[in-house]
Amino acid sequence: MGNRFQVKDRFADGAQYIDGQLRSGTSGQSHTVVNPATGEEVLTYELASTADVDAAVAAAKRAFPAWSAATPGERSDVLHRLAAVLAEQAEDFAYAESLQCGKPIKLSTEFDVPGTIDNTAFFAGAARHLQGQAAAEYSGDHTSYVRREAIGVVGSIAPWNYPLQMAAWKILPAIAAGNTIVLKPAELTPLTSLMFAQAAKDAGLPDGVVNIVTGAGRDAGEHLVGHPDVVMTSFTGSTAVGKRVAEIATATVKRLHLELGGKAPFLVFDDADLEAAAHGAVAASLINTGQDCTAATRAYVQRPLHDAFVARVSELMETVRLGDPFDPATDLGPLVSHAQRDRVAGFVERARGYATVVTGGEIPGGELAEGAYYRPTLVSGAGQDSEVVQSEIFGPVLVVLPFDTDDEGIELANDTPYGLAASAWSRDVYRAGRATREIKAGCVWVNDHIPIISEMPHGGYKASGFGKDMSAYSFEEYTQVKHVMYDNTAVAAKDWHRTIFGDRT
């Protein structure tokens, strides 16, 4: 990884980024970022207080008039430069992301960082292409057109599983559309969000347009969501916390975007390519150690393929290499914390009472004992209504269930409260097409599971929330749509006035 920067030196001034400067929090409470692979301290910092949130929102409010008045081309230029800065600093971003999250360096280097750079480049272009209905004389006597206008200060909350990408997903569409933003990253993983804001300043973004407050959810987070000068909230996280965010936001009539939990089905029909499905299931269930709301968690396999699928997935999972996240050969890193590891282990231990743990289900010892590691786990024989099938585990655990008819498979795939992502595996285009129409999820892959692209939207159905990240669709969240209508007649006494007063001549 070359010359790794020293985190404590980089953030010596604190873990709050307000009005273009790093500063310390003023809550009087500290938090420690821990390397989950070793349990060692990475950085101890002071958490944000409600006063720090107020300062960040005030900075964003001051910056809004000038930034919203910038031309689309000017905003685009800054984002193009930001993409270049991120590319120059890619090694530092990958190192920091793996250090705070425990991600294998090959995932940070080949997925998280390049994905963020691509997303930045996309929004640099999208800033110049805000879309609306064509101007025309829809009434006959008037010309109508649509304006898209920035809405103001956005207050967003990002999770710990993809800190860099989630920061980008919140910040980029907001500022591309002319808004300013205050982002609260997870306390566990603030490093790359802070680095992203610093990179934006290096690229020429004016102070106050992007601010980062790193504080506790119940204090800084709730204060940010409820702040009277915040006009929109975007939250990514669990459905339970999303409900609380919605309660606070709706009390002040804020615009709200929620990307919540998932329990993605992986639907394998009996004509599928078994080897492709097995490889896809392992990759899709273990990405980011399973800490991905779109990860494959429930594999429904048509009965003729079920046993062979279980055997092959088990065989492949046993080849997965756990180890030091900074070893390029490592496939699977630790979970983000020991608490999260123990939560995942609890699900599996309880499942032993009603299902079979085919492989995994263990906390490794030896040189990995100090980290928050958990072996790739495959569970079979669970009932559809069981905890391990219905609840979001957020770890390297895949549950396999059989089905008989296509109707049953699709019904089972839809049988959870969630609807974020899903996949269907079949060689039959009509079978796969039916699945894409009838599975209730915001994204349905066919013969693959996980890839995302900047040009296409990401967001869920049902308890997985509403609204879209990425793509031009995200501007629906971050712009006000205004209808402007001009009279073209220059007639003082218009015919329609007679419906209100006077007589028709």
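**Exercise 1. Count the cavities in this predicted model, keeping those of 30 Å³ or more, and work out what lines the largest cavity.**

Start with the count: there are 5 cavities of 30 Å³ or more. Keep in mind that this is a predicted model.

Next, take the largest cavity, with its volume of about 150 Å³. Its lining is made up of 13 residues. If you want to find the spot on screen, pick Tyr 162, Trp 169, Asp 292, Thr 294 and Ile 452, the lining residues that lie nearest the centre.

Now ask which element gives the most to this lining. That's helix H6 (residues 163-176), with 3 residues.

Finally, sort the lining by class: 7 residues are nonpolar, 4 polar and 2 charged.

**Exercise 2. Do the same for the second largest cavity: how much space does it hold, and which strands help to line it?**

Volume comes first, and here you get about 70 Å³.

Then go to the lining, which has 17 residues. Nearest the centre of this second largest cavity sit Pro 265, Tyr 418, Gly 419, Leu 420 and Ala 421.

Three strands each supply at least two lining residues: S11 (264-268), S16 (418-419) and S17 (421-425).

Split by class, the lining of the second largest cavity holds 10 nonpolar, 3 polar and 4 charged residues.

**Exercise 3. Turn to the pockets. Describe the largest pocket, from its volume to the make-up of its lining.**

Step one is the space inside the largest pocket, about 990 Å³. Step two is the lining: 36 residues, with Trp 160, Phe 235, Gly 237, Ser 238 and Val 241 the closest to the centre.

Step three is to place the lining on the secondary structure. Helix H8 (217-226), strand S9 (232-236), helix H9 (239-251) and helix H12 (338-351) each bring at least two residues. H9 gives the most, with 6.

Step four is chemistry. You'll find 17 nonpolar, 11 polar and 8 charged residues in the lining of the largest pocket.

**Exercise 4. Which helices help to line the second largest pocket, and which element gives the most?**

First, get your bearings: the second largest pocket holds about 390 Å³. It has 16 lining residues, and Leu 107, Ala 283, Leu 286, Ile 287 and Asp 331 are the ones nearest its centre.

Helices H5 (105-126) and H10 (274-286) each supply at least two of the lining residues. The top contributor is H10, with 4.

As for class, the lining of the second largest pocket comes out as 11 nonpolar, 3 polar and 2 charged.

**Exercise 5. Asp 19 has a positive phi without being a glycine. Where does Asp 19 lie, and how does its accessibility class it?**

Begin with the angle: phi of Asp 19 is about 55°. Now trace the chain, and you'll see Asp 19 in the loop between strand S1 (16-18) and strand S2 (21-23).

For the class, check the cut-offs: buried is under 20% and exposed is over 50%, with partly exposed in between. Asp 19 has 29% relative accessibility, so it counts as partly exposed.

**Exercise 6. Repeat this for Phe 394, another residue other than glycine with a positive phi. Is Phe 394 buried or exposed?**

Here phi is near 60°. Phe 394 lies in the loop between helix H13 (387-390) and strand S15 (397-403).

Apply the 20% cut-off again. Relative accessibility of Phe 394 is 15%, so Phe 394 counts as buried.

Methods:
Residues numbered from 1 in each chain as written. Predicted model: local features only at pLDDT ≥ 70, side-chain atom pairs only at ≥ 80, totals over all residues. Heavy atoms only, no water. 1 Å grid on protein atoms, 1.4 Å probe; cavity = no way out; pocket = protein on both sides within 12 Å on 5 of 7 lines; lining within 4 Å. Points joined across faces, edges and corners; volume = space filled by probe spheres on them. Nonpolar A, V, L, I, M, F, W, Y, C, P; charged D, E, K, R; others polar. Buried < 20%, exposed > 50% of the residue type's maximum accessible area, 1.4 Å probe, protein only.
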